Amino acid sequence: MRWNICVVGAGKIGQMIAALLKTSSHYSVTVADHDLAALAVLNRMGVATKQVDAKDEAGLAKALGGFDAVISAAPFFLTPVIAKAAKVAGAHYFDLTEDVAATNAVRALAEDSQTAFMPQCGLAPGFVGIAGAALAAEFDEIDSLHMRVGALPLYPTNALKYNLTWSTDGLINEYCNPCDAIVNGQLVKTAPLEDYEILGHDGVEYECFNTSGGLGTLPETLDGKARAVSYRSIRYPGHRDILRLLLNDLGLERRRDLLKDIFETALPRTDQDVVLVYCTAKGRIGGQLREKSLINKSYSRVVDGQVWSAIQITTAAGVLGVVDLMRSGTLPAKGFVRQEQVKFADFLETEFGRLYRAGDLTAQNKAA
């Protein structure tokens, strides 16, 4: 069955989603945005477009009529409006948001819906939740699950050792908002930038610390089953200390508009990036205490004759993998759908999930 998809948002991720859908025989794609310059980029790629203001719920709902599914690649604060418009249009809904409040709004819309609502479908939340849930399911008794994700420049040159690779609004949300976690068997909110750790992979040293939104609904799913569940962002050493200076000492946590302006003015964007996913679980299998890890490393690559960054590819593949499973009837076709309902093996076999296989996907386990 061929699906007609509307992507709302013509930014970097929206362009990547459109490029992948354009190469598939199972989909036709249209991108909607108010920005004519951004839409012109899609037109040059051979993608159909519509000029629509996503803030106009009635106009957007009308524009979404006739589509099988809507993917929001717009900023998180537009999520509730786009989701409502998709519901009115009778389309399945997917998004990439890490924002907890926006996800709760989507969940409320899904309660009496005749179509599916599946938020938080990108990289983290998204792919990492699918991978983490699969890792936890390998244990008879799960004790702890720690998930870490970093979208990093291959060649860091500034003091932050960081380049912008995705939404600045989403990045600031991660650094400033409370973090969902399970600590000592209890669902809690933890502080961002805390629970600092150092890890190494392929001879490179990284630092990790709490950030918001990456777990999606996984803490709810593992509540009462796991003693500890956490999500941390991976950065090069030294990044967190500078963030503390900016956010706490200089008070920019209360001036997010100014922080966004500083980031976008001072930090260049790059397509030369790497995405590292590093999940570790510990528990009992057959009465023996064991530990297992899943590591995935992805780089920029050429798709449809154009170079795309690793964060664009992994984020777009995350949402399109679950869209493909919905299209094929593998996932529930109405109501709220969680990432944990996706079987990891099924995801990796979709035409888009295979993009993760093209990276360095490894699994390790040991007796503890």
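Where does UniProt place the feature "domain: Saccharopine dehydrogenase-like C-terminal"? The record, an unreviewed entry, puts it at residues 122-344. Keep in mind that everything below comes from a predicted model.

**Figure 1. Here is the stretch that UniProt marks as a domain, residues 122-344.** Over residues 122-344, helix makes up 30% of the chain and strand 34%. Look for the two ends of this stretch too: their C-alpha atoms sit 14 Å apart.

**Figure 2. This view goes into the largest pocket, with about 1,100 Å³ of space.** Fifty is a lot of residues to label, so start with the middle: of the 50 that line the pocket, Ile 13, Ala 73, Ala 74, Pro 75 and Ser 167 are the closest to its centre. Several elements give two or more residues to the lining, among them helix H1 (12-22), strand S2 (27-33), strand S7 (141-153) and helix H10 (256-266). Which element gives the most? That's H7, with four residues; this helix covers 168-176. As for chemistry, the lining is a mix of 23 nonpolar, 14 polar and 13 charged residues.

**Figure 3. Now for the largest nonpolar core, a group of 76 residues.** In soluble globular proteins, nonpolar side chains tend to be buried together. Ile 17 and Phe 94 have the most contacts inside this core. H11 supplies its largest share, 11 residues. Zoom in on Ile 17 and you'll find it touching Val 7, Ile 71, Ala 73, Leu 96, Ala 316, Val 319 and Leu 320, leaving aside residues up to four places away in sequence. One of those partners, Ala 73, also turned up among the residues closest to the centre of the largest pocket.

**Figure 4. A second core stands separate, with 26 residues.** Its members include Ile 234, Leu 246, Leu 252 and Phe 263.

**Figure 5. Two cavities of 30 Å³ or more are found in the structure.** Rolling a probe the size of a water molecule over the atoms shows where empty space is left. The largest cavity has a volume of about 50 Å³, and the second largest comes in at about 30 Å³. Around the largest cavity you can pick out residues including Gln 120, Cys 179, Asp 180 and Tyr 231. Its lining counts three nonpolar, five polar and one charged residues. The second largest cavity is lined by residues including Pro 125, Gly 126, Gln 339 and Glu 340, and its lining splits into two nonpolar, six polar and one charged. Try spotting Gly 214, Leu 215 and Gly 216, which line the largest cavity and also the second largest one.

**Figure 6. Ala 124 and Pro 125 are joined by a cis peptide bond.** Omega here is about 5 degrees. Pro 125 sits in the loop between strand S6 (116-118) and helix H6 (127-137), and it is one of the residues lining the second largest cavity.

**Figure 7. Asn 184 and Leu 193 have positive phi values: about 55 degrees for Asn 184 and near 75 degrees for Leu 193.** Neither Asn 184 nor Leu 193 is a glycine. Asn 184 belongs to the loop between strand S8 (179-183) and strand S9 (186-190), while Leu 193 is in the loop between S9 and strand S10 (197-201). Is each one buried or exposed? Asn 184 is exposed, at 60% relative accessible area, whereas Leu 193 is buried, at 3%.

Methods: Residues numbered from 1 in each chain as written. Predicted model: local features only at pLDDT ≥ 70, side-chain atom pairs only at ≥ 80, totals over all residues. Heavy atoms only, no water. 1 Å grid on protein atoms, 1.4 Å probe; cavity = no way out; pocket = protein on both sides within 12 Å on 5 of 7 lines; lining within 4 Å. Points joined across faces, edges and corners; volume = space filled by probe spheres on them. Nonpolar A, V, L, I, M, F, W, Y, C, P; charged D, E, K, R; others polar. Core = buried A, V, L, I, M, F, W, Y, C linked by side-chain atoms within 4.5 Å. Buried < 20%, exposed > 50% of the residue type's maximum accessible area, 1.4 Å probe, protein only. Contact = heavy atoms within 4.5 Å. UniProt positions renumbered as here; feature names shortened; annotations may be inferred.
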